[in-house]
Amino acid sequence: MTDKEKKELQVSEKQAIEKSDGEPTREDLMWVPQVDIIENKDAITLRADLPGVKKENVEIDVRDGVLSLSASLKTHPENWQPVYSEYQIGGYGRRFSLGEQIDQTKITADMENGVLTLVLPKAEEHKPRKIKIRHLQR
């Protein structure tokens with residue numbers, strides 16, 4: 001296996017939201033979800049990994065040019081008593097600043113298999129367009 005292939009196969013460690021990022025409003029542990037950002041001429045697409053989260057436990061909010069994403073993950077049932085745990089359970093939270101090029105009224109969201117896909121369409125005036133050269137008559 002080449003070094004490039006090894007690098008592509010590496011798994012990112014979960015990153016907790018630090019207390020210095022503001023006072024938390026939840027008691028449970030919060031994680032920063034891993035996000036892929038893809039851009040084409042019509043939109044910017046965000047794909048956020050939210051393993052174990054159900055779509056009814058996801059909140060997406062746009063306010064003052066900021067897209068906020070939060071998701072809660074239910075812990076083990078109350079009658080369960082973990083003997084050993086390697087994986088810490090907590091919710092997810094992430095915020096994105098939106099520029100004026102995004103049409104905030106047309107943002108859509110879908111969720112499948114723990115992956116949240118947000119499509120942020122570009123405003124018409126910010127989409128690239130071709131300029132035709134006119135033929136002038138003399």
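Is Asp103 buried or exposed? Keep that in mind as you click around; this is a predicted model, and we'll come back to Asp103 near the end.

**Stop 1: the core**

Start by selecting Leu46, Leu50, Val53, Val58, Leu116 and Leu120. They belong to the largest nonpolar core, a group of 20 residues, and these six touch the most other members. Now colour four strands: E4 (43-49), E6 (66-71), E7 (91-97) and E9 (115-121). Each of them gives the core at least two residues. As background, nonpolar side chains tend to be buried together in soluble globular proteins.

Zoom in on Val53 and show what surrounds it. If you skip the neighbours within four places in sequence, Val53 is in contact with Val58, Ala71, Ser72, Leu73, Tyr92 and Met111.

**Stop 2: strand E9 and its partners**

Next, select E9 by itself. Five of its seven residues are buried, so the rest of the structure largely encloses this strand.

Which strands pair with E9? Show E4 alongside it: the two run antiparallel and are joined by seven bridges. To spot one place where they face each other, pick Ala43, which stands opposite Pro121 in E9. Then add E8 (residues 108-112), which also pairs with E9 in the antiparallel sense, this time over five bridges. Click Thr108 and look across to E9, where its bridge partner is Val119.

**Stop 3: two positive phi angles**

Follow the chain from E8 into E9. The two strands make a hairpin with two residues between them, and Asn113 sits in the turn. Asn113 isn't a glycine, yet its phi is positive, at about 55°. Asn113 counts as exposed, because its relative accessibility is 75% and the cut-off for exposed is over 50%.

Now jump to Asp64, in the loop between strand E5 (58-63) and E6. Here is another residue other than glycine with a positive phi, near 55°. Asp64 is exposed too, with a relative accessible area of 76%.

**Stop 4: salt bridges**

How many salt bridges does a search of the whole structure find? The answer is four, and we'll visit some of them. In general, side chains of opposite charge can pair when their charged atoms come close.

Select Glu39 and Lys122 first. Their side chains meet in a salt bridge, 2.7 Å from N to O. Glu39 is in strand E3 (residues 35-39) and Lys122 is in the segment after E9, so this pair ties together parts that are 83 residues apart in sequence. Try a surface view as well: Glu39 counts as exposed at 54% relative accessibility, whereas Lys122 counts as buried at 10%.

Then go to Asp61, which forms a salt bridge with Arg63; their closest N and O atoms are 3.1 Å apart. Asp61 is partly exposed, with a relative accessible area of 30%, while Arg63 is exposed at 54%.

**Stop 5: back to Asp103**

Finally, select Asp103 in the loop between E7 and E8. To settle the opening question, Asp103 is buried, with a relative accessible area of 19%. That counts as buried because the cut-off is under 20%.

Show the side chains around Asp103. It forms a salt bridge with Lys106, with the closest N and O atoms 3.8 Å apart. Its side chain also makes a polar contact of 2.7 Å with the side chain of Thr105. Leaving out neighbours within four places in sequence, Asp103 is in contact with Pro121, Lys122 and Ala123. You have already met Lys122, in the salt bridge with Glu39.

Conventions: Residues numbered from 1 in each chain as written. Predicted model: local features only at pLDDT ≥ 70, side-chain atom pairs only at ≥ 80, totals over all residues. Heavy atoms only, no water. Core = buried A, V, L, I, M, F, W, Y, C linked by side-chain atoms within 4.5 Å. Buried < 20%, exposed > 50% of the residue type's maximum accessible area, 1.4 Å probe, protein only. Contact = heavy atoms within 4.5 Å. Pairing = 2+ DSSP bridges. Polar contact = N/O pair within 3.5 Å; in protein donor to acceptor, adjacent residues only side chain to side chain.
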